[in-house]
Amino acid sequence: MKKLISLVLALVMLVAMAAVGGVAEGFADSYDITVWVPEEIKELTAQQIDTFNNTNQFGIKFNPTIEAVSEAVAADNMVNDVEAGGDIFCFPQDQFARLLRAKALDELTEVFAEKVAAENDANSIAAAKSGDVFYAYPLTSDNGYFMYYDKSVIPEEDIDSLEALIADCEAAQKYFAFELQTSSWYLASFFFGTGCVSEWVTDDDGTFVKVRDTFNSPEGLIAAKGIEKLVKSPFHLSSSKADSFESNAAIVVTGIWDYELAKQILGDNLGVADLPSFTVDGEEYHIGSFKGSKLMGVKPGNDVYRQAAMHFLAQYLTSEECQLQRFELKGWGPSNLADQELDAVKNHPGLAALKAQDPYSVPQGQIHGSWWGIAQVIADDIKLATDEAGLQAALDKYLDKINELFTLDNTALLFVGAWNGWNNADTSKTYYLAPKADGSYVLTLDVPESGYMGGRVVNPGSWDTDKGFAQVTEGADLIKDLGADNPDNNIVFAEPGNYTITWDGEAFTIVKN
Amino acid sequence: MKRYSDLEYLRLSKLQKFLYRLGSFLCSIPVAVWHGIKKLGLAIWGFIKGIGLSVAEVVTTFKYGSKPTRLSYFIMGAGCFAHGQILRGILFLLFEAVFVFYMITTGSYWLSMLPSLGILGPTEEKKLIPELGMSVKTTVYHDNSFKIMLYGVLTIFFIIAFIYTWWVNIRQSKTAEKILASGKKLKSGKDDLRSLVDDSFHKTLLALPMTGIIVFTVMPIVFMMLVAFTNYDGSHNGYSNNLFHWVGLDNFNTMLSWTSNTGAGTQSYAATFGEVLTWTLIWAFFATFTNYFLGMMVAMAINKKGIRFKKGWRTILVMTIAIPQFISLLYVSKMFAKNGLINNFLIDMKWIETALPFFEKASWARVTVILINIWIGIPYLMLTATGILMNIPQDLYESAKIDGASGWQQYSKITLPYMLFVTGPYLLTQFTGNMNNFNVIFLLTGGAPNNPAASNSAGTVGYTDLLITWLFKITTGAESQYYLASVVGIMVFVVVALITLVAYSLLPSIKNEEDFQ
Amino acid sequence: MSDVKVQKAMKQHMGLTASRRISNTAIYIVLTIMSVIWLIPFVCIVLQSFRVESTWQVGYVIPRQWGWDNYVNLAKTDFWRWYTNTFILAILTAALQTIIVLCMSYTLSRFRFKMRKPLMKLMLVLGLFPGMMTMIILYRVLADLGLTQKNSIPGLLLVYVASSGMGYYVSKGFFDTISKSLDEAARVDGANRFKVLVKIILPMSKPIVIYTVLTAFMGPWGDFVFARYISMGTSAGKNVAVGMYDWLSQDQIGKNYTMFCAGGVLVALPVTLLFLFLQRYYVEGVTNGAVKG
């Protein structure tokens, strides 16, 4: 189906091009641009841009300076100084929100967005979007992790059980490398395995407004017990480097990028598999993982033709053709749907292991930059804990810090309702008023049938009474006037239904949908 | 605390003597701090008074001065021209011209924007490309908060410099008249130039270094302090997303409040700062003194009579200085990893069963970094101590030997006191240097192991993090909280400055600088 | 002197030499152990640089296959460009920084003028600020001057040299030890201040000049934080430390680790050689200078 859509789109584009005569007049003779890509695809990218220069139907020519900048560093540099940053750059998904907030990503308009949406898998699409707007091009869909192991140490039948693996490692005096203590990215795997979530919501500008996090729930405690088993083993190693195999590791949990290295070190002894399960109170839990993408971004600018030209280039560099080249040369797992169907891609052992892990993995989505630092210390805390209460305390502490992130920002507006028990702290029970460009705040909510359908707008954690009934200027017919029975200035809906509430800074407009 | 007379002091036992000295040291701290503050206060008062007097002088000069002098109030250098000092006159006039030109063209703009740090952020617009039938977003950048702050402050500096020069110009005209009235000759332009390599040679020599220091050390520090009063961070980078603005003392309130925002599990910034500061001081103490004493011992061992290959031993040790730390320390840190060379070797030898937690446990990691720091520090100290030891007058030892002093006595009565006296200031710079020893901690542990309690939304804090590495983490962290880093930077300065102030008023060898010449 | 006394004295003397022999042996043992500890990391790095059977980190020290591959491979990267960048930077820094430091320290040691003490105090205070935060500000200033990214080498030179006046302590200490009567004698003979500096003081200051040159020369080779910030992902503007530091990133360490070691050896080479030849002066300089601080 998706293939069909992309075909149709391509045809439409072709017709459109033919209609305007193919070449756009406004493009300059050539554009000097800086492209930041990881060192290993530097040469390939140069060739690809060359191909683009020779084949694109608009006659766009680029004169590129290609710099080897690894993905994480690229994001750091862009945030430090957007002005001096690369015009086109690659970055890992977890940096998306940060880059968006620094306004280092140009929006993908119309055809660009449509093509991305049509040709890539759902996860990578979600990774490149904020709200409904695309800000980046999916480059890979392989940013996840799985298990590499040494077949000479680990018997095939043990690879499904964490406990058996730990026992094998301890017996052989070899290390089980799983970077739980220094990386939240790996740490979260156990929590996802027991069904915990940490879901973050951004507004259109990439500002985080809401989080639903259940790491301190009973399921979280189970995950903590699983982590405890591993981190308290003397043969746990907090590392995700495949070269650990050279220094006494038998198992390393890492991503596809280490496949070649692991293959070179272990040769035929290399085994790859999805992550194992752990058992708590007789129940088995398969360890989860993050599933993410690498992305390519275009820097904003004020020359409309230059921006368009760069988008065409980025579109090409992340196309089916280029993704396949990167897969063939460097083993990068494509996000392009057509590429994913190819036999070569399907049969790649590393990508196969990643695929096996797929059912247990969680799309990375957008995550607050501070979360990585906050979650990072959970494993350290678990290691120090002596009993169950200690484990729970570690998780509670984590959640406190998350809450701190949001109470810090007390300019946000929340609608709190009587039907949710007047909870102004739990983000899953409040309604967030999304800020708009014109300075207003908008919320669309369902008011359920209940005896008292009242509520009002407050800042997080507070009980202000200055944004309620008295401030409703339009739509007063939809709410009840309780007079003196309404000391808290609540907005009390007359009947249940779907409403849109707009706050312009001084007054409310309420519309029933 | 009771003060002993010399005689009473001599009668005390060794322990009592030590306790007495320690006590009087501790007692002198508040006094030293008080003296420091008093001095600072007096200096500020003197400065204000000086300005007041100058203003008064300027006013009276205008009332009673001669025509050329009064003309200098408006046209700088007028007095000089009138008195035939053409070179000086030209320089004054040129300076005034440049100043006026700058203020009119750009200076006034920066100055007017300084209070707001910018009004208009970037604007976005979707523009249509007609021939493609599609629109593309364009972004236009406007104000730049950082540049406004930078040039705004530079303009203020420039104005101050101008006022000063203006004042000098008036004074010179006035003194020139006095000199002429007494019948003496004024300095010609040639004389002025000649004095630059003679009487005013120090001005020539200092001109370049001081310009450099002012532009690349003083200015950045001033800006750093100013950032602490803004909300400059990743969300307000002043250019591509949001402009930043002045926020007064808000950041200091956040940093210095002891209550955390949510209570329960998280720790306040102040508590974290205290924790990191404590370790920083412990680290600086051990890093300084282990190196000092061990380095001295190594130097003495190599210098001992009858030890051969002196140069060879030294060269081997000095290799650590020659190889950049980012190479050697990274390698050393890998050696001490859980699966590193050392642990693997010890396990292979069956000396231990499971790996030693060099960088895994707080106390182990702290001891390990101090030990590895000895490896780095001894060569420097060895070189310094070698020279000093050679300088100790040999007859002191000869006479000690005749009196039958043992080796230990010679060391504790001659070598150590001499070394301590001579290297006092050096020790102090070592101490403050170690407090800010970024490389060693960053390359060896990166702050690890994590300190779960102290880490908060500003970033992860580790047990081996020094204030300076913490500052780095805040700066480069996900939120890029420059303003917070700036506050921490100021607080680090306050702490280090207090220590220095106290130490300086206690150390004997600094006060009498001239004694050595 | 009676026979008994002579015998006693001889015995004492022999006892002394015996005990000295024992203590010297102990010192030799300690020094040998220390030398081994001090050399291990360097020997390991050198050995790694000759390992050709694999390019990543391994758990053993002695290479199974030896070769020059890693050194040859350096030429395929931008290494030599970074190396040249750093070398030029180091030489210019050494030259200019020495001039600045000598101007500063000589003035503060020899002249007595009104602002001298306040100046010294100011610089003491400035030195107490942690340098980390000013990094961001210096970046912005340099970016405004166009001295970042591909022009970072001149930018770095400017920053290194401009702030070097702060490090005047050691050489001021050295100048303090040169007797002032020399200056005064020359002044009486009609030499101006400039001549005194050039004709009398400088010839006597070989150790401190060499010490300053050496420390200034060493600095640029190891700067991987500030230089990295300034170069902002532009290969042409990297110094060797920044370029090599990137080889240790997750995606490159498997391929480039042994090359990193080879690069490390080459970086250490000029500084080590200089140290070997100039050690005597370095010791003299630091001795006479640091003592006074």
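# Interfaces, domains and helix packing in a predicted three-chain model

In this predicted model, chain C brings 70 residues into contact with 74 residues of chain B. Chain A also meets chain C, with 21 residues of chain A in contact with 16 residues of chain C. The points below treat these two interfaces, one helix pair that spans chains B and C, the domains of chains A and B, and selected helices of chain A.

**Chain C against chain B**

- The side of chain C that touches chain B draws at least two residues from each of helix 1 (3-49), helix 3 (79-110), helix 4 (116-126), helix 5 (134-144), helix 6 (152-162), helix 9 (193-204), helix 12 (240-246) and helix 13 (253-290) of chain C.
- Among these elements, helix 13 of chain C gives the most, with 15 residues.
- By class, the side of chain C that touches chain B comprises 46 nonpolar, 16 polar and eight charged residues.

**A helix pair between chains B and C**

- Helix 8 (residues 201-227) of chain B packs against helix 5 of chain C at an angle of about 115°, and the two axes are 9 Å apart.
- Helix 8 of chain B is therefore roughly perpendicular to helix 5 of chain C.
- The crossing of helix 8 of chain B with helix 5 of chain C is right-handed.
- On the chain B side, the residues of helix 8 that take part are B:Phe216, B:Pro220, B:Ile221, B:Phe223 and B:Met224; their counterparts in helix 5 of chain C are C:Thr134, C:Ile137 and C:Leu138.
- This contact of helix 8 of chain B with helix 5 of chain C contains seven nonpolar residues, one polar residue and no charged residue.

**Chain A against chain C**

- In the contact of 21 residues of chain A with 16 residues of chain C, strand 2 (62-68) and helix 3 of chain A each supply at least two residues of the chain A side.
- Helix 3 of chain A gives the most to the side of chain A that touches chain C, with three residues.
- The side of chain A that touches chain C divides into ten nonpolar, five polar and six charged residues.

**Two mostly covered helices of chain A**

- Helix 3 (residues 71-80) of chain A, which also contributes to the side that touches chain C, has eight of its ten residues buried.
- The buried residues of helix 3 of chain A are A:Glu71, A:Ala74, A:Ala75, A:Asp76, A:Asn77, A:Met78, A:Val79 and A:Asn80.
- Their cover includes strand 1 (31-37), strand 3 (88-92), helix 4 and strand 16 (289-298) of chain A, together with helix 18 (467-476) of chain B.
- In helix 8 (residues 184-193) of chain A, ten of the ten residues are buried.
- The buried residues of helix 8 of chain A are A:Ser184, A:Trp185, A:Tyr186, A:Leu187, A:Ala188, A:Ser189, A:Phe190, A:Phe191, A:Phe192 and A:Gly193.
- Just after helix 8 of chain A, A:Gly195 adopts a positive phi of about 90°.

**Domains of chain A**

- The domain assignment divides chain A into domain 1 (2-138 + 295-361), domain 2 (144-291 + 364-402) and domain 3 (414-512).
- Domain 1 and domain 2 of chain A have C-alpha centres 31 Å apart, and their contact takes 25 residues from domain 1 and 27 residues from domain 2.
- Helix 4 (96-101), helix 6 (122-127) and helix 15 (349-357) of chain A are the elements that give two or more residues to the domain 1 side of this contact.
- Of the elements on the domain 1 side, helix 15 of chain A gives the most, with seven residues.
- The side of domain 1 of chain A that touches domain 2 of chain A has twelve nonpolar, nine polar and four charged residues.

**A helix pair within chain A**

- Helix 2 (residues 42-55) and helix 11 (residues 304-317) of chain A cross at roughly 120°, and their axes come within 10 Å.
- Helix 2 and helix 11 of chain A are therefore oblique to each other, and helix 2 passes helix 11 in a right-handed crossing.
- The contact joins A:Thr45, A:Gln48, A:Ile49 and A:Phe52 of helix 2 to A:Leu313, A:Tyr316 and A:Leu317 of helix 11.
- The residues of this contact are five nonpolar, two polar and no charged.

**Domains of chain B**

- Chain B is assigned domain 1 (6-53), domain 2 (65-248) and domain 3 (268-507).
- The C-alpha centres of domain 2 and domain 3 of chain B are separated by 43 Å, and nine residues of domain 2 are in contact with nine residues of domain 3.
- The side of domain 2 of chain B that touches domain 3 of chain B has five nonpolar, three polar and one charged residues.

Notes. Residues are numbered from 1 along each chain as its sequence is written. Chains are lettered from A and ligands numbered from 1 in the order in which they are written. This is a predicted model: local features need pLDDT of at least 70, side-chain atom pairs count only at pLDDT 80 or more; totals for chains, interfaces and linings use all residues. Two residues are in contact if their C-beta atoms, placed from the backbone, lie within 7 Å. Helices (H or I, at least four residues) and strands (E, at least two) are DSSP runs, numbered from the N terminus. Ala, Val, Leu, Ile, Met, Phe, Trp, Tyr, Cys and Pro count as nonpolar, Asp, Glu, Lys and Arg as charged, and the others, Gly among them, as polar. Domain bounds come from an automatic or database domain assignment. A residue is buried if 20 or more other C-beta atoms lie within 10 Å of its own, exposed if 12 or fewer, and partly exposed in between; C-beta atoms are placed from the backbone. Axes are lines fitted to C-alpha atoms, for helices over the stretch in contact, and angles run from 0 to 180 degrees between N-to-C directions. Angles under 35 degrees count as roughly parallel, over 145 as roughly antiparallel, 65 to 115 as roughly perpendicular and the rest as oblique. A crossing is left-handed if the near helix is turned anticlockwise from the far one by less than a right angle, and right-handed if clockwise.
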